[in-house]
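Please look over the model shown here before reading the notes. They go from the whole chain down to a single residue.

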Amino acid sequence: MENLKFYIDGAWVDPAAPSTLGIVNPATEEIFAHISLGSRNDVDRAAKAARRAFATYSETSVEERLSWLQKIIERFRARLPELARMMTLEMGAPITFATERQATVALFHFEEAARVLAQYKFEEGMGNGIIRREPIGVCGLITPWNWPLNQVASKVAPALATGCTVVLKPSEIAPLSAMLLAEIVHGAGVPAGVFNLVNGDGPTVGEAIAAHPEIDMVSFTGSTAAGVRVARLAADTIKRVAQELGGKSANIILADADLKAAVIQGVHACYTNAGQNCQSPTRMLIPRAQRDAAFEAAREAVDSIRLGDPLDPASTMGPLVSQAQFQKVQELIRSGIDEGATLVAGGTGRPAEINRGYYVRPTVFGDVMPQMKIAREEIFGPVLSIMSYDSEDEAIEIANDTPFGLAGFVQSRDPGRARAVANRIRAGRVYLNGAPFDRSLPFGGYKQSGNGREFGVFGFEEYLEVKAILG
């Protein structure tokens, strides 16, 4: 597959200077497609197109923007199987998961943006004046490889809904599903220049977006270190910066919970997307007296995982995204062993029956101490740390003992008790007793997990400025 053009100003165009990159299928370790890597000149061209388009797109009616969103939604639904398969090929998500979660949740963002737009009050009276909310302008969107289409949609959908224009840089590791989305946006008749896509790496295209004087806001999802770099580059032009960064979420299983069910559910939640998930509950906190039963339940959960070809609908876990990610996770598993954690399941190396692809053995450590590397660092692979506590206060203290604050999880038979613990967790989202995903509720972090929110009305308002009109 040759995908060497960028989508700028309503057309597929050649890059300013030729430079190609092979896209690797992580299940086969083989290059199956090529893209172009962009430059500052490509970003400049896209930003200027977005600036020109903003003059008129920002003035469009709610009805017009709803019409374009609806056309995007219809085309997205029609191509959902194709979008899911592309994500399986580019980043290794099993096809069942790619269809039911990766592609479907990306679609939710467009549906949710349309729902919010249809009932949103852009003007309201306050005091002796009017509060008016207006689109912030040209938005630079920098997205990661782990949820390649979901994270694109979480930014593009509210930006388009509010009347903003966009310059998108998807991850160069998994850019192909975003390029299909560009085809969908084009087919929906969205005006030229409103949506632009430039492929490239972070140090070149990402940094050019963050620093560009024509870009009013940058929304970034990725590592905390890269988020710091984006914020520094954005500071010179006083951009709004929205960031969704790393996580090291704790799952507190209280003494009155159904331990076996909670542990099994917790293991599978940690392994969502092969553990390449920023809000994964990677630290499981259990009462010390229930240690042995928790280990047994964790082994049972690991034994039920079907590692295999991600194109096989029966596979429940695929490979990690890249050789670099594979190596990083191997090193962290080794550090857990070296620092004296108890290896409950898994370990280093590939699964015995698999001899190619970036597959990692689903791993569980027990007796993990708070100062260990595996308890501190975001691993971004299928590795769970089980930590013991003696009191509820100690569990909350351990949960909050992290620079991150993206999500938290609490399990208890007593909803009031679970809620009291949730209130004390310093994180942007807390799930009680395996609560399902809710697309209307905001997602985002405290502390070094970032700032800003996605989804629902909170995600929508990230793309709006507030104007007071007096008199």
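**Overall fold**

Of the contacts (heavy atoms within 4.5 Å) in the protein with a separation of 6 or more, 73% are between residues 24 or more positions apart. This is a predicted model, in which local features need pLDDT of at least 70 and side-chain atom pairs count only at pLDDT 80 or more, while totals for chains, interfaces and linings use all residues. Residues are numbered from 1 along each chain as its sequence is written, and side-chain values use heavy atoms, with hydrogens and water left out.

**Size and secondary structure**

- The protein has 15 helices and 23 strands (DSSP runs: H or I of at least four residues, E of at least two, numbered from the N terminus).
- Its radius of gyration, taken over C-alpha atoms, is 22 Å, close to the 23 Å of the globule rule (2.2 Å times the number of residues to the power 0.38) for 471 residues, so the protein is as compact as a globular protein of that length.
- Along the principal axes, the C-alpha atoms fill a box of roughly 65 × 60 × 40 Å.

**Burial**

- Of the 471 residues, 59% are buried (under 20% relative accessible area, 1.4 Å probe, protein chains only).

**Asn 277**

- Asn 277 sits in the loop between helix H9 (259-270) and strand E14 (283-287).
- Asn 277 counts as buried because its relative accessibility is 11%.
- Beyond its neighbours within four places in sequence, Asn 277 is in contact with Asn 146, Trp 147, Thr 272 and Phe 380.

How values were computed: Buried < 20%, exposed > 50% of the residue type's maximum accessible area, 1.4 Å probe, protein only.
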